[in-house]
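Q: I would like a close look at a single part of this structure, with enough of the rest to place that part. Please go slowly, since I am in my first year.

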Amino acid sequence: MLGGEDEDSQRQSILNRGAGAIGETGTISAATGGLLAMAAAIGVGRFVYTPIVPAMIEALDLSNTQAGLIASANFLGYLIGALLAATPTLPGSRRLWLLCALTVSSLTTTAMGLVGTIPTFLVLRFVGGAASAFVLIIASTVVLERLVTAGRSGLSALHFAGVGSGIAVSAALVAAMLLLGHGWRSLWLASGALSLAALLAVAILLPDRAAMPAPVSARGGDVTGDASLPRLIVAYGLFGFGYIITTTFLVTIVRITPLIRGLEPLIWIVFGLAAAPSVGLWAWIARRFGISSALAFACVIEAAGVLASVAWQTASGVLAAAILVGGTFMGITALGLIQARALATGEPRRALALMTGSFGLGQIVGPAFAGILSDSLGSFTVPSVVAAVALFVAAALVRN
C-alpha cells in the first residue's frame, strides 16, 4: 500500500512538472502573441501615420490643421472604442473579439492607401482607432491575467514592448520605401500587409477560447473606492495630451527644419528602438522606487523630451527628443494600466477602459490643437510647451 502511494506521488510529481513546462511555454507564447497584437494595432495601426504624414502633406498639399484633424479622428475612434470595451460583458469569445479588432485595424491601415480624400481618411482613421483600443484593452486583459495566474508578471514587459517594436519595424519599412522612391499610397499598403502578417501570428500564438482565462463576473471595477485611482485617470488623460503632439508631428518638425531634415528617415526608427525596451526599464524602476514615483519621474523626463523637440533643433536635440519621449511614453502607458488594474476592484477591464478613455480624450485634443496653432504661429513651439506643462501636472497628480 505504501509503495503504491509512493508511485502515485511520483506520477503526480511528473505530471505537475510537465504541466509546469507546458504552462511556461504557454505564458511565453501568450506574451509574444500580446507583443505582436500591440505591434500590429498600436505600433503600426496608430503610429505609422507619423512617418507617412509628411509625404501625405507634400503630395496632397495638406495643412498642419488637416493633418492634425486626421490624427485626432484616429484618437476619437480610440476613445469610442475604449468606452465600448468598458461594457461589463462582451458576448462570445474574447479571442474572437481580439482577432476581429486586429483584422479591422489591418484593413483600415491598408485602405488608407486606396483613398485620397479627407472625409475618407477621417472615417478610416476613426474606425482604425476604435479597433486599436479594443486590441489594447482585450489583449492586455487576457495576457496580463494569464501572466499573473502563472506567476510570470515580469513577462508583461514583453507584451508592452510590442508598441515600440511595431514602431521601429514599420519606421524602417517606411524609410526604406521612401529611399526607393515609393509614394505615400505604397507606404500605407505595405504597412497594412505588415499588420496582416502579425495578425496571422497572433492567431497561432494566443490560445483558443477554451484555453483563455475565464472572464470575471460582470462586476464593474470600482473607480471610487481609492482616491488615487480617479487622480491616476485624470493624470493619464494629461499624459495622453502631453505626449501625442510630439509623437504625431516629430517627423514633420524634422522635415520642415532645414538643419536636421536629413534625419527624417532615421528619427522615427530611433523613437521606436527607444520605446521597445522601455517597459522593462520602467518596470525595474517601479520595483525599486514604487509605481507612483516611476510614473512621475517618467512624465518629467518626457516633458524634457517634448521641449527638446522645439527648443533644441539640432541633430543632438531632435535625437534626444526621440529617445526621451520614445523611451518613456510606453513605460508610462504600461505602468499606468498596471497601477489601475491593481487599484481597481472587481472586473479590471472597466478600470483599464476608463484609463484608455481618458488617455484617448487627451489624444483627441492634442493633434488638432497643435495643428491649428502651428498653422497660425508658424511653428510647433507653443503647443509643445503646453504639452510639457500638462506632463508636469500629470507628474504632480500621480505623486499626491
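What follows is one request about a helix and its partners, and then one connected answer.

Q: Which residues does Ile-57 of helix α2 contact, leaving aside its neighbours within four places in sequence, and what does Glu-58 form a salt bridge with?

A: The model is predicted, not taken from an experiment. Start with the whole chain, then move to the part you ask about.

The chain has 14 helices and 0 strands. Read from the N terminus, its elements are therefore α-α-α-α-α-α-α-α-α-α-α-α-α-α, where each α is a helix. Of its 400 residues, 55% count as buried. The chain exposes about 15,500 Å², and carbon and sulfur atoms supply 69% of that area. Contacts between residues at least 6 apart in sequence can be sorted by how far apart they are: 84% of them join residues at least 24 apart. Your part gives examples of residues far apart in sequence that meet in space.

Now to helix α2, which covers residues 49-60. Ile-57 is found in this helix. Its relative accessible area is 17%, and buried means under 20%, so Ile-57 is buried. Leaving aside neighbours within four places in sequence, Ile-57 is in contact with Leu-62, Asn-64, Ala-67 and Thr-252. Of these, Thr-252 is 195 residues from Ile-57 in sequence, yet the two C-alpha atoms are 9.1 Å apart in space.

The next residue to consider is Glu-58. Glu-58 forms a salt bridge with Arg-255, with the closest N and O atoms 3.0 Å apart. Glu-58 lies in helix α2 and Arg-255 in helix α8, so this pair ties together parts that are 197 residues apart in sequence. Glu-58 itself is exposed, with a relative accessible area of 63%. Arg-255 has a second partner: its side chain meets that of Glu-264 in a salt bridge of 2.9 Å, N to O. Glu-264 is buried, at a relative accessible area of 13%. Glu-58, Arg-255 and Glu-264 are thus linked in a network of salt bridges. A search of the whole structure finds 2 salt bridges.

After helix α2 comes a loop. Asp-61 is found in the loop between α2 and α3. At 66% relative accessibility, Asp-61 counts as exposed. Its backbone deserves a second look. Most residues other than glycine have a negative phi. Asp-61 is not a glycine, but its phi is positive, about 55 degrees.

Beyond the loop is helix α3, which covers residues 64-85 and includes Leu-83. Leu-83 is partly exposed, with a relative accessible area of 48%. Together with Leu-76, Ile-80 and Leu-84, Leu-83 makes a nonpolar surface patch of about 330 Å².

Aromatic residues are the next topic. Tyr-78 belongs to one aromatic cluster, whose other members are Phe-47, Tyr-236, Phe-239, Tyr-243, Trp-268, Phe-271, Phe-329 and Phe-359. The ring of Tyr-78 also has a charge over it: the charged end of Arg-46 sits 4.3 Å from the ring centre.

The count of aromatic pairs comes to 17. One of them is formed by Phe-241 and Phe-369, with 5.7 Å from centre to centre and 55 degrees between the planes, and it is tilted. Helix α8 (residues 228-256) holds Phe-241 and helix α13 (residues 348-377) holds Phe-369, so the pair ties together parts that are 128 residues apart in sequence. Helix α8 is also where Arg-255 lies. Within the aromatic pair, Phe-241 is buried at 13% relative accessible area, whereas Phe-369 is partly exposed at 26%.

For comparison, take one residue from another helix. Ala-296 has its place in helix α11, residues 291-311. At 7% relative accessibility, Ala-296 counts as buried. Leaving aside neighbours within four places in sequence, Ala-296 is in contact with Ala-395, Val-398 and Arg-399. Ala-296 and Ala-394 are 98 residues apart in sequence, with their C-alpha atoms 7.3 Å apart in space.

To return to your question: the contacts of Ile-57 include Thr-252, and the salt-bridge partner of Glu-58 is Arg-255.

How values were computed. Residues numbered from 1 in each chain as written. Predicted model: local features only at pLDDT ≥ 70, side-chain atom pairs only at ≥ 80, totals over all residues. Heavy atoms only, no water. Patch = residues over 30% accessible without salt bridge, like charges linked within 9 Å, V, L, I, M, F, W, Y side chains within 5 Å. Areas by Shrake-Rupley, 256 points an atom, 1.4 Å probe, with all protein chains shown as cover. Salt bridge = Lys/Arg side-chain N within 4 Å of Asp/Glu carboxyl O. Helix = DSSP H or I, 4+ residues; strand = E, 2+ residues; numbered from the N terminus. Buried < 20%, exposed > 50% of the residue type's maximum accessible area, 1.4 Å probe, protein only. Contact = heavy atoms within 4.5 Å. Phe/Tyr/Trp six-rings, centres within 6.5 Å; stacked < 30°, edge-to-face > 60°. Lys NZ or Arg CZ within 6 Å of the ring centre and 35° of its normal.
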